[in-house]
Amino acid sequence: MERLDKFLSTRGGISRKEAQKSIKKGEVTVNGAVCRVTDCKIDPEADAVTLRGQAVCADEHVYIMLNKPAGVVSATEDRSDKTVLDILPDSLRRKGLFPAGRLDKDTEGLLLITDDGDLAHRMLSPKKHVPKRYIAQLDGVITEEMIRAFEAGIVFADGTACLPAQLAVQEGSGGKSGVVTICEGKYHQVKKMFAVVGRKVVHLQRISIGNLYLDSNLPIGYAKKLTKLDIDTILLGKIY
Ligand code: URA
């Protein structure tokens, strides 16, 4: 059993003080009835709690797929720009969320947001080599030499060597758009790899992480909740 104000502050994305205020104002229901008692004991597994009409999720961790738009930064806070957390709907907000990995401000597509540090660590660990796939639109055509250079492993001007990567021309793009798969996450990696072969990336979208694909029905800027099972089975290949 857990105190209602504590439950709301850990799972509802608000501070303990805000939770107490909301409870006193009658903005919180437990099993359909308004509850104004801040220290009321609830069973997070069994009781249905709402805050301002929205269900508060009792799961220990949340996993969110965001179709990141350009113009927002992959950070928890920022002085001048909107962050990926700022654009989440209230129903998905909770304390402790952070983006697992980062996309550049102008990159769009699949971003995972979670409050599960352990998962993020496993997913981002360079040793895991989780493949990430991107669609890159370029200022010129992709040549056979470029495909071979990606396969051999691009080396940046400062001597940093990238792991072998796959590059395939995207059908119907006139050769100016490619699907790139990399198994690491160096800063600006895809843009820098193309720069080495003389191409500028004019648009970049991430379409998958491991076997988790961006939901093609999720419009840019929208987010949806995933289950832990989605993450473990699809992303890390763990079998229950
Ligand atoms: N590589 C880049 O250059 N930018 C991204 O946002 C992701 C990968």
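This tour moves through a predicted model, from the whole chain to the ligand site, an aromatic pair and three loop residues.

**The whole protein**

Begin with the full chain in cartoon view. The protein has six helices and 15 strands. Its C-alpha atoms occupy a box of roughly 70 × 40 × 35 Å along the principal axes. If the 240 residues are coloured by relative accessible area, 44% of them fall in the buried class.

**The ligand and its shell**

Next, select the ligand. The space that the ligand takes up is the largest pocket. Display the side chains of L103, D104, T107, Y134, H188, Q189, V190, K191 and L204, which surround the ligand. Helix α5 contributes the most to this shell, with three residues. In the model, α5 spans residues 189-196.

Which polar atoms should be inspected here? In the side chain of D104, an N or O atom is 2.7 Å from a nitrogen atom of the ligand. Turn then to the backbone of H188, where a polar atom lies 3.2 Å from an oxygen atom of the ligand. At Q189, a backbone N or O atom is 3.5 Å from an oxygen atom of the ligand. With a surface drawn, the extent of enclosure can be judged: the protein covers 96% of the 240 Å² of accessible area that the ligand has on its own.

**H188, at the edge of α5**

Keep H188 selected. H188 belongs to the loop between β12 (177-182) and α5. Is H188 buried, partly exposed or exposed? Its relative accessible area is 29%, so H188 counts as partly exposed; the class lies between the limits of 20% and 50%. The backbone of H188 also deserves attention, since its phi is near 55°, a positive value in a residue other than glycine. Most residues other than glycine have a negative phi.

**The aromatic pair**

Follow α5 onward to F194, and then select F150 as well. A search of the whole structure finds one aromatic pair. The ring centres of F150 and F194 are 4.9 Å apart and the planes stand at 50°, so the pair is tilted. The two residues join distant parts of the chain: F150 sits in helix α4 (residues 144-152) and F194 in helix α5, 44 residues apart. Are these rings buried or exposed? F150 has a relative accessible area of 0% and is therefore buried. F194 is likewise buried, with a relative accessible area of 0%.

**R52, in a loop between strands**

Now centre the view on R52. This residue is found in the loop between β5 (49-51) and β6 (54-55). The phi of R52 is near 45°, again a positive value in a residue other than glycine. Because its relative accessible area is 51%, R52 is classed as exposed; the limit for that class is over 50%.

**C35 and I23**

Finish at C35, in the loop between β3 (33-34) and β4 (41-42). What is its burial class? C35 has a relative accessible area of 11% and is therefore buried, the limit being under 20%. Add I23 to the selection and draw a distance between the two C-alpha atoms. C35 and I23 are twelve residues apart along the chain, and their C-alpha atoms are separated by 6.6 Å.

Key. Residues numbered from 1 in each chain as written. Predicted model: local features only at pLDDT ≥ 70, side-chain atom pairs only at ≥ 80, totals over all residues. Heavy atoms only, no water. Phe/Tyr/Trp six-rings, centres within 6.5 Å; stacked < 30°, edge-to-face > 60°. Helix = DSSP H or I, 4+ residues; strand = E, 2+ residues; numbered from the N terminus. Buried < 20%, exposed > 50% of the residue type's maximum accessible area, 1.4 Å probe, protein only. Near = heavy atom within 4 Å. Polar contact = N/O pair within 3.5 Å; in protein donor to acceptor, adjacent residues only side chain to side chain. Areas by Shrake-Rupley, 256 points an atom, 1.4 Å probe, with all protein chains shown as cover. 1 Å grid on protein atoms, 1.4 Å probe; cavity = no way out; pocket = protein on both sides within 12 Å on 5 of 7 lines; lining within 4 Å. Sits in = over half its atoms within 2 Å of the grid points.
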